[in-house]
Number of protein chains: 2
Amino acid sequence: MSTWEENVRKVTPYTPGEQPNRPQMIKLNTNENPYPPAPGVAKVLRHPDEDALRRYPDPAASVLVNALAENYHVKPEQVFVGVGSDDVLAMAFMTFFNSEKPILFPDISYSFYPVWAEEFRIPHTRVALDENFCIRKEDYYGENGGIVFPNPNAPTALAMGLDDVEDIIRHNPDVVVIVDEAYVDFGAESALKLVEKYENLLVVQTFSKSRSLAGMRIGFAIGSPKLIKYLNDVKYSFNSYTLNQTSLACGVEAVKDQAYFNETRTRIMKTREHAKEVLGEMGFSFPDSKANFLFITHPDYPAKELFQALRQKDIYVRYFDQPRINNYLRVTIGTDEQMEAFYEFLRDYMR
Amino acid sequence: MSTWEENVRKVTPYTPGEQPNRPQMIKLNTNENPYPPAPGVAKVLRHPDEDALRRYPDPAASVLVNALAENYHVKPEQVFVGVGSDDVLAMAFMTFFNSEKPILFPDISYSFYPVWAEEFRIPHTRVALDENFCIRKEDYYGENGGIVFPNPNAPTALAMGLDDVEDIIRHNPDVVVIVDEAYVDFGAESALKLVEKYENLLVVQTFSKSRSLAGMRIGFAIGSPKLIKYLNDVKYSFNSYTLNQTSLACGVEAVKDQAYFNETRTRIMKTREHAKEVLGEMGFSFPDSKANFLFITHPDYPAKELFQALRQKDIYVRYFDQPRINNYLRVTIGTDEQMEAFYEFLRDYMR
């Protein structure tokens, strides 16, 4: 090893879900939305503002911040935007988690949390979910340096009620509590209604799932003006201009079209509820999903083998080779047609 | 102050150049390119791949990485891309500057360097430029934790010869040396030809200046495969998917059109050389620019007053209220028409 390598920050990087791109594949592995974004998005792209391309974007991303503030009935100074919710979460970890005490998050959860903790050298403790994959709120009462959990949780798809979420926040006035709501628009209750009450609560959401814009990388956080100010200070010390001109334009179009948003998320929830019936009849069990995916297991068919068999047929789902969940598959809710093909495969496989 | 605020990372954020947007303004304050990007860029935007919008982009950004590798005659594993060169530099600071010894950079230079150093708690020393605003290579021979400097430097616009750049690299085999070449395409010599020779050299460039894509946020770094691997590991631990689908598509188009790239940068250099004559005749002096801006001062007209008088007429340039340079203005090279309007203003002002 050369001497210069001694000063390198060594990390174990997060492994994103694979992004195969085969014409006939059925891609149910990264929780993308099977429907295109709101029609206004493609429309605004088709008329690019050429002069804007050569100019730096507004560093404050005001058009998007204002659209989000209006949509969620908060003040613009309560909104932070970033390059996907991963960027928002990374900035939030860097901004708020600087205690000597460990931050807390569930042991089975978004696998990026321990990666950020390691990258930023944040002491952390993984808190075990209970035997039903539920977050036990009492486990978050003790001393800590901050708290982060997804609601609904991933990959379990289970949502906590808002009372339980608030209970955790109420017990932790001295640290920042981040509720990561990537999947909240598919049936869970958002903690957004608590941001006026708790100055230390940060709610993070994304355009990648319910707004069909994973390809444009847009995430946001809503919290108290004080919290957002701190977050922006750190962001401006990292990269002044993050959201590019097309992301800003597309994001605004996606937020504006509330009717399309409701139509597509309702359609996905309907497909999901039907999937619960079909898969249940096949003998699968799963936590009761409030997200755009199901976390399924079968007593007779090992998940890993099923995962590989699906791949052979160009059907991609996600498998996590980790303790407690290595007999589960995370299956994104696709279109009805994609789900039928998936059921069809399963029927064949089990025959 | 609430208790949770004690764990907040407190920083003094970088202040980006203002982004006024007035119909008749002449914007010479943020070193943007006055010409639109290559025609292929707007063309590719006009035909958005709607299916790509809802899907995560390729986390490896392979299409763009491959286009850059081909263009610069390096291997794809020697190329790193990010959300503007600020993102690339932030990641590089985080990855490579983890020594107890201070990193070194010029005292008059890109004002983001001390901001990143503070944000990531990196010890740092600002090394004074000489009386002619030149980097003295001998000042970079001592013990240090890493080195970063722009070439050409900003806001001075002065370029170092490649021999001097190599001298600094040769004297520092035990740390990473970053050469920040945001402005290199306007007449300086790139250190890219040294990356095969020095495993610890990272060359950073951007699409924001010579490729007219400030609005799309694309930057890149080229170095040894080992260096790029470390950088990617840290990046993947921060945010897996950074460049969005439109940035990838636009970036490829901009790299491909070498003819347009050469035409526009040549035009800017020509306008710059003419500006040197005109401004020289008016009594301005300036370091001999190899960038797309001039750093000008006048013995009779205080820069700050001139800056404000220009603003009143909707002509925006950049003024830095800092020791040694507070009687200078940084003026971006615009179109010939914009420059004529600028000269016209000056003639009036001096009358």
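Here is a walk through this structure, from the way its two chains are arranged down to some of its salt bridges. Keep in mind that this is a predicted model.

Let's start with the two copies. Any two copies of a chain are related by a rotation about an axis and a shift along it. Here, a turn of 180 degrees and a shift of 0.0 Å along the axis lay chain A on chain B with an RMSD of 0.0 Å. That is the relation of a two-fold axis. If you want to find the axis in chain A, look for Arg46(A), whose C-alpha is the nearest to it at 2.0 Å. Both copies use the same surface, since 100% of the contact residues of chain A recur in chain B.

Now zoom in on chain A. UniProt, in an unreviewed entry, lists residues 24-344 as "domain: Aminotransferase class I/classII large". Over that stretch the chain is 38% helix and 14% strand, and the C-alpha atoms at the two ends are 16 Å apart. For a landmark, try His171(A), in the loop between α6 (162-170) and β6 (177-180). His171(A) has a relative accessible area of 36%, so it counts as partly exposed. From its C-alpha to that of Thr246(A), 75 residues away along the chain, is 41 Å.

Next come the salt bridges, and over all chains there are 46 of them. Take Lys101(A) and Glu143(A), whose closest N and O atoms are 3.3 Å apart. Lys101(A) sits in the loop between α4 and β3, and Glu143(A) in the loop between β4 and β5, so this pair ties together parts that are 42 residues apart in sequence. Lys101(A) is partly exposed at 38% relative accessibility, whereas Glu143(A) is exposed at 65%.

Lys226(A) and Glu199(A) make another salt bridge, at 3.7 Å from N to O. This one also links distant parts of the chain: Lys226(A) is in helix α7, Glu199(A) is in the loop between β6 and β7, and 27 residues separate them. Lys226(A) is partly exposed at 34%, and Glu199(A) is partly exposed at 31%.

What about a pair within one helix? Over in chain B, Arg54(B) and Asp51(B) form a salt bridge with their closest N and O atoms 3.0 Å apart. Both lie in helix α2 (residues 50-54), 3 residues apart, which is about one turn of the helix. Arg54(B) has 10% relative accessibility, so it counts as buried, while Asp51(B) is partly exposed at 36%.

Finally, salt bridges can join up: Arg272(A), Glu273(A), Lys276(A) and Asp288(A) are linked in a network of them.

Note on methods. Residues are numbered from 1 along each chain as its sequence is written. Chains are lettered from A and ligands numbered from 1 in the order in which they are written. This is a predicted model: local features need pLDDT of at least 70, side-chain atom pairs count only at pLDDT 80 or more; totals for chains, interfaces and linings use all residues. Side-chain values use heavy atoms; hydrogens and water are left out. UniProt positions are given in the numbering used here, feature names are shortened, and annotations may be inferred rather than shown by experiment. Helices (H or I, at least four residues) and strands (E, at least two) are DSSP runs, numbered from the N terminus. Buried means under 20% relative accessible area, exposed over 50%, partly exposed in between (1.4 Å probe, protein chains only). Copies are superposed by least squares on the C-alpha atoms of residues with pLDDT of at least 70 in both. Contact means heavy atoms within 4.5 Å. A salt bridge is a side-chain nitrogen of Lys or Arg within 4 Å of a carboxyl oxygen of Asp or Glu.
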